[in-house]
Amino acid sequence: MAQAVIAFLKNQYVERDGVEQAFFAGCFGIFGHGNIAGIGQALQQMPEFRYYQARNEQAMVHIATAYAKTRNRLQTLACTSSIGPGATNMVTGAATATINRLPVLLLPGDIFARRNVAPVLQQLESEHTQDISVNDCFKPVSRYWDRITRPEQLLTSLPEAMRVLTSPVETGAVTLALPQDVQAEVYAYPEAFFHKRVWHIMRNRPDRKALEQAAAWIRASQRPLIVAGGGVIYSGATDLLQRFVDQTGVPVGETMAGKGSLHYDHPLNLGAIGATGTFAANRIAREADLVIGIGTRYSDFTTSSKTAFQHPEVRFINLNAAEFDASKHLAMPLVGDAQATLAELLELLEPLDKSGSLDKSGSLDKSGSYSVEASYRSQAAQLHAEWDAEVERIYAIRHTPLPSQGELIGAVNERSALDAIMVCAAGSLPGDLHKLWRARHPKNYHMEYGYSCMGYEIAGGLGAKMAAPDRDVYVMVGDGSYLMMNSEIVTSIQENYKLILILLDNQGFKSIGSLSRSLGQDGFGTRYAYPRNGVLPGDEIGPGVQALPVDLAANARSLGAHVIECKSHDESGTYADFVDALEAVRSTGRTTVIYIQNDRYEGVPGYESWWDVPVAEVSEMPQVQAARAEWEMMRAQERYFLGQEGGTPASTGQ
Ligand SMILES: Cc1ncc(C[n+]2csc(CCOP(=O)(O)OP(=O)(O)O)c2C)c(N)n1
Ligand SMILES: [Mg+2]
């Protein structure tokens with residue numbers, strides 16, 4: 001049965017726009033008794049389906065996820081684990097993939113189907129059923145889940161797995177739990193099952209009436225704004241988005257997954273939107289009367305916890321492959337592929353034919369195409385320029401004795417190759433990068449911020465590098481995330497994929513520390529420092545904090561990485577050394593860690609936005625009471641978007 005799984009997987013292909021490729025680039029795994037004799041033997045017998053070793057099962061799912069993200073979901077890796085802890089280690093990875101709508105195929109081993117020798121090593125026993133194992137934990141985090149208790153079940157299960165993995169709507173983690181005994185059983189599978197199969201990736205088109213209504217809404221809009229999400233990039237709609245923006249003058253704010261949809265220096269790119277957004281995007285959002293969301297899930301970071309859009313009559317048009325997302329905020333739902341839908345929408349905004357008449361409230365430029373008012377276009381361009389000056393200001397800070405994170409981001413941005421990929425996921429870096437990173441192509445900014453999973457960074461960097469070996473991959477990782485999962489440095493050495501890891505050590509959680517202070521909690525429990533009088537220190541302790549004798553640079557070196565430690569040679573601090581390191585790293589031969597300490601407190605500010613983190617309603621701490629009062633003010637600005645009265649937008653017309 002396990003041989004059949006691999007023989008099937010290696011013959012699955014996808015095709016989009018006439019380009020065909022194998023869907024699986026191989027299989028990552030860690031062997032134990034739950035998979036070694038089954039999938040392990042099959043992989044050994046079929047070396048043309050490449051097997052890769054990981055150090056940690058969660059990490060290998062992140063590798064596969066990042067691989068799929070880099071390849072715009074057109075290719076991924078399978079992941080095999082043993083039963084028990086090997087399997088449950090993948091649950092966090094599965095959630096990360098599913099939340100980000102990225103395809104990964106998980107093949108955890110499972111307890112014996114025949115049961116006679118139960119309980120087997122690592123089996124979770126249950127008094128009320130024998131039909132349960134730890135693999136049931138995968139159900140809520142998988143888009144398709146199955147347990148193969150008879151070998152012939154593969155004949156119906158694997159095609160379902162492929163349908164879900166290759167569907168732009170349903171994709172995410174797919175889990176096929178493989179009982180240890182069944183993996184080794186024989187079955188006379190029909191030969192046709194193993195023939196090459198090509199899965200066509202569909203570019204579905206939206207309902208015509210909804211499309212016409214959307215065009216009318218756009219023509220009637222005075223202050224439209226595009227929110228560009230990850231779907232723009234995955235569907236390959238970035239060139240078309242630029243045409244749309246050039247033609248209509250509608251400005252763009254980018255989500256975490258959508259950053260890079262438009263070149264950062266396009267005058268109508270307002271940059272990041274939402275809680276970690278720029279003042280440019282957030283000001284335009286506040287007054288927008290129409291929001292055109294393309295390929296976005298509208299997470300709370302994008303909507304500033306539903307406070308970003310304050311125009312009393314704001315309405316939404318959502319272009320999305322998934323009806324679920326397209327319908328959010330009771331929008332006019334354009335359910336379809338972003339590229340195909342944008343093309344059709346653009347056509348409807350082009351000059352009307354001679355007999356056509358323009359919606360009265362729409363504007364008409366000289367060519368007859370829809371375009372926003374010139375004053376709106378120039379307001380957006382002005383804000384874009386002001387934001388760029390703010391980025392410049394932060395890039396130019398030279399904080400001492402320890403550098404600020406903003407200036408280090410600037411140095412990496414300016415000293416990495418134009419086609420490089422920057423990977424990140426958690427900590428204070430994502431917010432700062434969302435604002436400050438100048439994205440120069442759609443793959444330049446690889447941020448996992450659906451799950452913001454500490455530990456994704458290095459593993460994700462490896463996945464990105466495997467998917468794009470000709471590009472430099474820069475992983476920006478905090479000391480907290482580094483400590484949580486640095487294991488795949490070893491895999492990168494083993495497989496000779498060179499990663500450039502920028503390890504920013506601020507001795508703890510800069511992000512949650514500053515969140516904690518904003519909540520009146522003084523950074524409690526967010527520092528890596530010795531306890532004082534039996535209590536972990538907060539920020540009031542100041543420089544009296546007693547640091548831990550931890551040497552992360554030595555740790556990285558011990559895993560086989562080449563390490564460059566930034567030191568201070570004069571009163572200007574370590575910045576100069578960092579710049580030198582960024583030059584030197586271009587020619588190192590293997591995974592290299594640039595280790596630098598940065599300041600815990602010097603942060604990039606928020607720009608006219610908010611994120612809802614509820615504060616204790618009653619407390620004995622005056623600072624917490626003050627934070628609660630502020631929270632209540634902002635909470636009052638959260639909105640429901642209820643759309644039009646009397647039915648779905650398309651049925652009511654206006
Ligand atoms: C697996 C996981 N656990 C906890 C969190 C909550 N969390 C978000 S950021 C953060 C601290 C990250 O520390 P570090 O990597 O050093 O980055 P810094 O905040 O210092 O920039 C924590 C604990 C998370 N996102 N993921
Ligand atoms: Mg840190």
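# A tour from the parallel strands to the ligand

Begin by selecting Gly109 together with Leu178 of strand E8, since these two residues stand opposite each other. As you look, keep in mind that this is a predicted model. Gly109 belongs to strand E6, which covers residues 104-110, and five bridges join E6 to strand E8 (residues 173-179), the two running parallel.

Now widen the selection to the whole of E6, where seven of its seven residues are buried, so that the strand is mostly covered. Which residues point one way from E6, and which the other way? Val104, Leu106, Pro108 and Asp110 point one way, while Leu105, Leu107 and Gly109 point the other way, and all of them are buried. This arrangement follows a general pattern, for in a regular strand the side chains alternate between the two faces of the sheet.

Next, add strand E5 (residues 76-81), which is joined to E6 by four bridges and runs parallel to E6. To find the pairing in the viewer, select Cys79, which stands opposite Leu106 in E6. Six of the six residues of E5 are buried, so this strand is largely enclosed by the rest of the structure. From E5 you can continue to strand E3 (residues 24-29), which pairs with E5 in the parallel sense over four bridges, and here Phe24 is found opposite Thr76 of E5.

Leave the strands and select His329, which sits in the loop between helix H13 (323-326) and strand E15 (332-335). Is His329 buried or exposed? Its relative accessible area is 10%, and because buried means under 20%, His329 counts as buried. If you display the side chains of His329 and Lys306, you will find a polar contact of 2.8 Å joining them. Leaving aside residues up to four places away in sequence, His329 touches Tyr298, Thr303, Lys306, Phe316 and Phe641.

The next stop is helix H21, residues 510-518, in which Lys510, Gly513 and Ser516 are buried. Turn the view until you look down the axis of H21, and you will see that its buried residues fall within an arc of 125°, so they line one face of the helix. The general reason is that an α-helix has 3.6 residues a turn, so residues three or four places apart point the same way. Just beyond, H21 is followed by Gly520, whose phi is positive, near 80°.

What covers the buried residues of H21? The cover includes helix H16 (405-415), which is therefore a natural thing to select next. H16 is itself mostly covered, with nine of its 11 residues buried, among them Gln405, Glu407, Leu408 and Asn413.

Finish at ligand 1, which has 15 residues around it, and of these Ser428, Ser452, Asp479, Gly480 and Ser511 come nearest. Three polar approaches are worth displaying one by one. A polar side-chain atom of Asn506 lies 2.9 Å from an oxygen atom of the ligand, and a backbone N or O atom of Met454 lies 3.3 Å from a nitrogen atom of the ligand. Lys510, which you have already met as a buried residue of H21, places a backbone N or O atom 2.8 Å from an oxygen atom of ligand 1. Taken alone, ligand 1 exposes 580 Å², and the protein buries 77% of that.

Terms used. Residues numbered from 1 in each chain as written. Chains lettered and ligands numbered in written order. Predicted model: local features only at pLDDT ≥ 70, side-chain atom pairs only at ≥ 80, totals over all residues. Heavy atoms only, no water. Buried < 20%, exposed > 50% of the residue type's maximum accessible area, 1.4 Å probe, protein only. Arc of directions from axis to C-beta. Contact = heavy atoms within 4.5 Å. Near = heavy atom within 4 Å. Polar contact = N/O pair within 3.5 Å; in protein donor to acceptor, adjacent residues only side chain to side chain. Areas by Shrake-Rupley, 256 points an atom, 1.4 Å probe, with all protein chains shown as cover. Pairing = 2+ DSSP bridges.
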